[in-house]
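Let's explore a protein together, one question at a time. Have a look at it first.

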Amino acid sequence: MLKALAATVKNKIRREDLFARYGGEEFAIVLPEIDGHNAHQFAEKNQAHRRGPDFRFESVKIDVTISLGVAVLDQQTTDAAG
């Protein structure tokens, strides 16, 4: 299921974006040169897409939920604490 979800998202990002598995079930996407507004739009679009077709394994429907968040790094940000 993680592979299928990852493949879906990977097909939605640009070549210059960075998509990586961050933890067990966590992924991160770095969107260079995208502002906060457009990053939110990207997240909402992918959240809506996930409400599409069901995931199935050996004919068993698997309910999937995802949580998305957006963080923006701008020129005023000097460290991770912001």
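Here are some questions and answers about this protein.

This is a predicted model, in which local features need pLDDT of at least 70, side-chain atom pairs count only at pLDDT 80 or more, and totals for chains, interfaces and linings use all residues. Residues are numbered from 1 along each chain as its sequence is written, and side-chain values use heavy atoms, leaving out hydrogens and water.

Q: Which pattern does the protein follow along the sequence?
A: Helices (H or I, at least four residues) and strands (E, at least two) are DSSP runs, numbered from the N terminus. The protein has two helices and four strands. Read along the sequence, they give the pattern α-β-β-α-β-β.

Q: Where do the buried residues of helix 1 lie around the axis?
A: Buried means under 20% relative accessible area, with a 1.4 Å probe and protein chains only. In helix 1 the buried residues are L5, A6 and V9. Because they cover an arc of only 100° around the axis (taken from the directions from the helix axis to the C-beta atoms), they lie on the same side of helix 1.

Q: How many residues of each class are in the lining of the largest pocket?
A: A pocket is an open set of points on a 1 Å grid over the protein atoms alone, where a 1.4 Å probe fits, with protein on both sides within 12 Å along at least five of seven lines; lining residues have an atom within 4 Å of a point. The largest pocket is lined by 37 residues. Ala, Val, Leu, Ile, Met, Phe, Trp, Tyr, Cys and Pro count as nonpolar, Asp, Glu, Lys and Arg as charged, and the others, Gly among them, as polar. By class, the lining has 24 nonpolar, eight polar and five charged residues.

Key. Buried < 20%, exposed > 50% of the residue type's maximum accessible area, 1.4 Å probe, protein only.
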